Amino acid sequence: MPASVAGEEKFPYPASGLEQAIGYSFRDKELLQNALRHSSYSNETKKSQNSSNERLEFLGDSVLSVIVSDYIYRNYAQLDEGELTKIRASVVCENALAVLAARIELGSYMYLGHGEIVTHGRNRKSIVADAFEALLAAIYLDGGIEKARAFVLPMLEGAIAESASHGSEDYKSKLQKIVQQTPEELLEYEQIGEEGPPHDRIFTFSVKLNSNVLGTGSGRSKREAEQAAAREALKYFTDEE
């Protein structure tokens, strides 16, 4: 995969690799360049700050929100506004977008300043998540909303379905309420595992009641792993599936 360095002026083609990965060929290649140009690169090369991907990232955030909101509104008519909001938040957060960026190796194509390169900026969640939104905006400007929708929705449908099925439930709160009925009981969560590359970590937690393990769970964040562990533990007390 191409890896640009500070000082390069020519776009690091073959960008056909990235276009092939995303299933979209740009008519205006400058839009694609812009989406991949981090502010650190613009600063080091004395380019206008507007040449970085920050403005595209701003637009992409809104485009993504509209696409996801429209999809979940149309496909989950049984859910209320609060539940829809939670689902949307879970699939457009930085961690989720960083995972999508990693799937297409987006960081490998980015223009970064030297400082970001040596500090592994290509794998930094905030950088690649913002670049993913910038890329979505570039597709939207180049091909319209339907092209943007066709690019991003297939990558999100699975996560949306999972979140809609159980992701909005607060299993930790449910478990805590049950345990609190007996004041002397001690409930605690303990991290027992962590694996995967920096941009795609998987955490594993156990939940204990008086040192006895009730459940374990894994997730892409510590909070998600704790929720999964709590959900498993609830099976001791309820019919929760």
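These are questions and answers on salt bridges, burial and strand pairing in a predicted model.

Me: What makes E19 and K29 a salt bridge?
Reply: Their side chains come to 2.8 Å, N to O. The cut-off is within 4 Å, so the pair qualifies. E19 sits in helix α1 and K29 in helix α2, ten residues apart.

Me: Why is E19 called buried?
Reply: E19 has 9% relative accessibility. Buried means under 20%, so E19 counts as buried.

Me: Why does K29 count as partly exposed?
Reply: K29 has 29% relative accessibility. Partly exposed lies between the 20% and 50% limits, so K29 belongs there.

Me: What makes R37 and E30 a salt bridge?
Reply: The closest N and O atoms are 3.8 Å apart. The limit is 4 Å, so this pair counts too.

Me: Is R37 buried or exposed, and why?
Reply: R37 is at 5% relative accessibility. That is under 20%, so R37 is buried. Its partner E30 has 40% and is partly exposed.

Me: Which parts does the salt bridge of E190 and K208 tie together, and why?
Reply: The two side chains meet at 2.6 Å, N to O. E190 lies in strand β1 and K208 in strand β2, so the bridge ties together parts 18 residues apart in sequence.

Me: Why do strands β2 and β3 count as paired?
Reply: Seven bridges join β2 to β3, which run antiparallel. Pairing needs at least two, so they count as paired. One of the partnerships is F203 with G219. The strands form a hairpin with two residues between them.

Key: Residues are numbered from 1 along each chain as its sequence is written. This is a predicted model: local features need pLDDT of at least 70, side-chain atom pairs count only at pLDDT 80 or more; totals for chains, interfaces and linings use all residues. Side-chain values use heavy atoms; hydrogens and water are left out. Helices (H or I, at least four residues) and strands (E, at least two) are DSSP runs, numbered from the N terminus. Buried means under 20% relative accessible area, exposed over 50%, partly exposed in between (1.4 Å probe, protein chains only).
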